[in-house]
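Hello,

Here is the structure I said I would pass on to you. Have a look at it first, and then read on for what turned up.

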Amino acid sequence: MFGKRQEQDLDKAQQVMIENQLKARGIKDERLLQIMGQLPRHLFVPPDQHNLAYSDKPLPIGRQQTISQPYIVAHMTELLNLPADGDATVLEVGTGSGYQAAILSQLVKQVYTIERIPSLAENARQVFEQLEITNIKQTVTDGGYGWSAHAPFDRIIVTAGAPSVPPPLIDQLADEGILVAPIGGWSNQQLVLLTRQGESIQHKNLTSVLFVPLLGEHGWQE
Ligand code: SAM
């Protein structure tokens, strides 16, 4: 599919991404850096974006949606503070290209991911198959409701911006669980970190970010 020269250019761009975008900005998790240094991000973007796949920005993936900037993917993954034993289950809301889910799949036992646009979910499914990733379960529906059949989840990551954290997601977070989500207005949000200890929920506001909107009952109106 790719010529040797193009493969070499992509490899080089991927290593530059690791050094200049991730390590230089403080991403330290060695397992994560290794995974992002190997996972072919270019397979998750449309062919006309291949040469930009490792650039320092989000990219269009069709249907007015985006694959997030590599640094944001790495930062949100680090915030999840995934247990080193690899035994966690994670729910992702907003499959998009499937890139974030694919990274998580290398770090945990099982990933559940929800997307509302069927064609994006199908594209992601094909890339998972091509990469022989077998621990991602997908569904197409409004992810604001979570996925109660598989709850509770040790970690929940929302990759679309919502006005507030959807209550069903808080309900589906396991004890000692962590949820990361961009929360705020339509055109800018803050990353929010929720941690659950029994019935007590701690809430921390972190960095400013810009995500496409979470649409639906617990997000924005279409
Ligand atoms: N995590 C993705 C990746 O790795 O490519 C990027 C996600 S993109 C920034 C946000 C995604 O959330 C879009 O694909 C969008 O269709 C999806 N989305 C928006 N509202 C949703 C909802 N209520 N339920 C599920 N997915 C939703």
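**What was found**

Let me start in a loop: Pro152 is found between strand E5 (136–140) and strand E6 (153–158). The peptide bond that leads into this residue from Ala151 is cis, and its omega is near 0°. Please keep in mind throughout that this is a predicted model.

A second backbone detail belongs to Arg63. This residue is in the loop between strand E1 (59–62) and E2. Its phi is positive, about 55°, although Arg63 is not a glycine. Both details caught my eye because most residues other than glycine have a negative phi, and most peptide bonds are trans.

Stepping back to the whole protein, you will find six helices and nine strands. Its C-alpha atoms fill a box of roughly 55 × 35 × 35 Å along the principal axes. How does the radius of gyration fit with a compact globule? For 222 residues such a globule would have a value near 17 Å, and the protein has 16 Å, so the two agree.

Now to the ligand, which sits in the largest pocket. It is surrounded by 25 residues, and the closest are Glu92, Ser97, Glu115, Gly143 and Leu215. By type, the shell divides into 10 nonpolar, 11 polar and four charged residues.

Which elements each supply at least two residues of that shell? They are strand E2 (65–67), helix H4 (99–105) and strand E4 (110–115). E2 gives the most, with three residues.

There are also polar contacts to look at, each with a nitrogen atom of the ligand:

- Leu215: a backbone N or O atom lies 2.5 Å from a ligand nitrogen.
- Asp142: an N or O atom of the side chain is 2.9 Å from a ligand nitrogen.
- Arg116: a polar backbone atom is 3.3 Å from a ligand nitrogen.

How much of the ligand does the protein cover? On its own the ligand has 610 Å² of accessible area, and the protein covers 99% of that.

If you open the model, the ligand in its pocket and the loop with Pro152 are good places to begin.

Best wishes

How values were computed. Residues are numbered from 1 along each chain as its sequence is written. This is a predicted model: local features need pLDDT of at least 70, side-chain atom pairs count only at pLDDT 80 or more; totals for chains, interfaces and linings use all residues. Side-chain values use heavy atoms; hydrogens and water are left out. A residue is near a molecule or strand if one of its heavy atoms lies within 4 Å of it. A polar contact is a pair of N or O atoms within 3.5 Å; within protein, one must be able to donate a hydrogen and the other to accept it, and residues adjacent in sequence count only if both atoms are side-chain atoms. Accessible areas come from the Shrake-Rupley method with a 1.4 Å probe; for residues, only the protein chains shown count as cover. On a 1 Å grid over the protein atoms alone, a cavity is a set of points where a 1.4 Å probe fits but cannot get out, and a pocket is an open set with protein on both sides within 12 Å along at least five of seven lines; lining residues have an atom within 4 Å of a point. A molecule sits in a cavity or pocket if more than half of its atoms lie within 2 Å of its grid points. Helices (H or I, at least four residues) and strands (E, at least two) are DSSP runs, numbered from the N terminus. Ala, Val, Leu, Ile, Met, Phe, Trp, Tyr, Cys and Pro count as nonpolar, Asp, Glu, Lys and Arg as charged, and the others, Gly among them, as polar. The radius of gyration is taken over C-alpha atoms; the globule rule is 2.2 Å times the number of residues to the power 0.38.
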